[in-house]
Amino acid sequence: MLKIQLGDDDVVALEKVTAEITGRFSSIEDPELHRAAPVYAHELPRGLRTALVDFKLNEPSGVLVVSGLEVDDASLGDTPADWRNKPAPGATLSLDVPFLLIGCLLGEPIAWATQQDGRVMHDIFPIRAHEHGQIGWGSAQTLTWHTEDAFHPLRTDYLGLMCLRNPDEVETTFADIADVRLDEATRAVLAEERFRILPDESHRPQNQVEGVVEDPEVTELKARSAERVDSALRSPEPVAVLFGSLRDPYVRLDPYYMQGVQDENEQRALDEIGAALDGAMGGISLAPGDIVFIDNYRVVHGRKPFQARFDGTDRWLRRLNITRDLRKSRHARLSAGSRVIY
Ligand SMILES: O=C(O)CCC(=O)C(=O)O
Ligand SMILES: [Fe+2]
């Protein structure tokens, strides 16, 4: 795990560019802001840019933590009870902006039409209805480690999590495939396209928002994306667990949503890699202002269980999905610059 501690000068520089942006934009979801953010990101301190570009291009580690942003807890207000009817977006904007800009150093933030109503920046906090669920909004159960959106070919390259509050110091867990040793036969099985990963809870119809959509193209794409989730649920495409360089592979794995494997060899290989990743598992309890970037091609992540409070003081993270290549999803987005994948 790499750590960057922002110095006083860095924080001042971030605050300066953030003030300019919050003067122009009032929502982190404004498409104009998404267009402007990569340019503003050029104004971040060079040390920070160097570290993020190195993390991206040379892959010295699968996890990078940036610390030093200051969070004024009182100004956040209560941790919301649900992402659907959150109060004014303004409360987190002065932290969302630096998070977005730093994320832009790794690539382009993307959104899923099937997740959190197509928002680019997600909320992760405990929701009572999901208390026992295998989903980011759960709490009582261990969130089993996984590749983010493992079922989807357009899944993110990087997952960013920014901590706003974490009063019980709940740990985010992770393991890097680079720290795992597997014998050759196991690796060979895992590199074959024969594993099936189902869409996770967060993409399923029960977690969608019903709304009136005016644009017929949006209606069509929404229907297509719901159909894709549905078809992935009924008959998932077989995919490889290990890919890229076989000496130094990438990984795609979500054991909780890969249950019911019939083939003995497949199950044995999954058990081996599962045990090896368990052995390499580490974690971090994010403190307010910490941002962690997880390389979703190398690192699986999860969360330890905790007792949610549901009283406005709960753990609260913001989340970004960042792709290195926006073009590879062009067929599933409305325009070249739009970020929502249908
Ligand atoms: O709550 C956490 O620390 C991680 C949750 C998670 O897996 C995610 O947001 O993708
Ligand atoms: Fe996740």
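Two residues are taken to be in contact if their C-beta atoms, placed from the backbone, lie within 7 Å. On this basis, the packing of helix H2 was examined in the predicted model. The cover over the buried residues of H2 includes helix H5 (93–104) and strand E3. Within H2, which spans residues 31–40, Leu33, His34 and Ala37 are buried. They share one side of H2, because the arc they cover around the axis is only 100°. Glu32, Arg35 and Val39 are exposed and sit on the face turned away from that buried side.

Ligand 1 was considered next. Its surrounding residues are Ile124, Gly136, Leu143, Glu148, Leu159, Thr172, His301, Arg303, Leu317 and Arg319. By class, four residues of this shell are nonpolar, three are polar and three are charged. Strands E12 (299–303) and E13 (316–323) each contribute at least two residues to the shell.

Two backbone conformations stand apart. Most residues other than glycine have a negative phi. Phe310 is not a glycine, yet its phi is positive, at about 55°. Phe310 lies in the loop between E12 and E13. Phe310 counts as partly exposed because 15 other C-beta atoms lie within 10 Å. Asp117 likewise has a positive phi, of about 60°, without being a glycine. The loop that holds Asp117 runs between strand E3 (108–112) and strand E4 (121–124). Asp117 has 17 C-beta neighbours inside 10 Å and therefore also counts as partly exposed.

Technical notes:
Residues numbered from 1 in each chain as written. Chains lettered and ligands numbered in written order. Predicted model: local features only at pLDDT ≥ 70, side-chain atom pairs only at ≥ 80, totals over all residues. Near = placed C-beta within 6 Å. Helix = DSSP H or I, 4+ residues; strand = E, 2+ residues; numbered from the N terminus. Nonpolar A, V, L, I, M, F, W, Y, C, P; charged D, E, K, R; others polar. Buried ≥ 20, exposed ≤ 12 C-beta atoms within 10 Å, placed from the backbone. Arc of directions from axis to C-beta.
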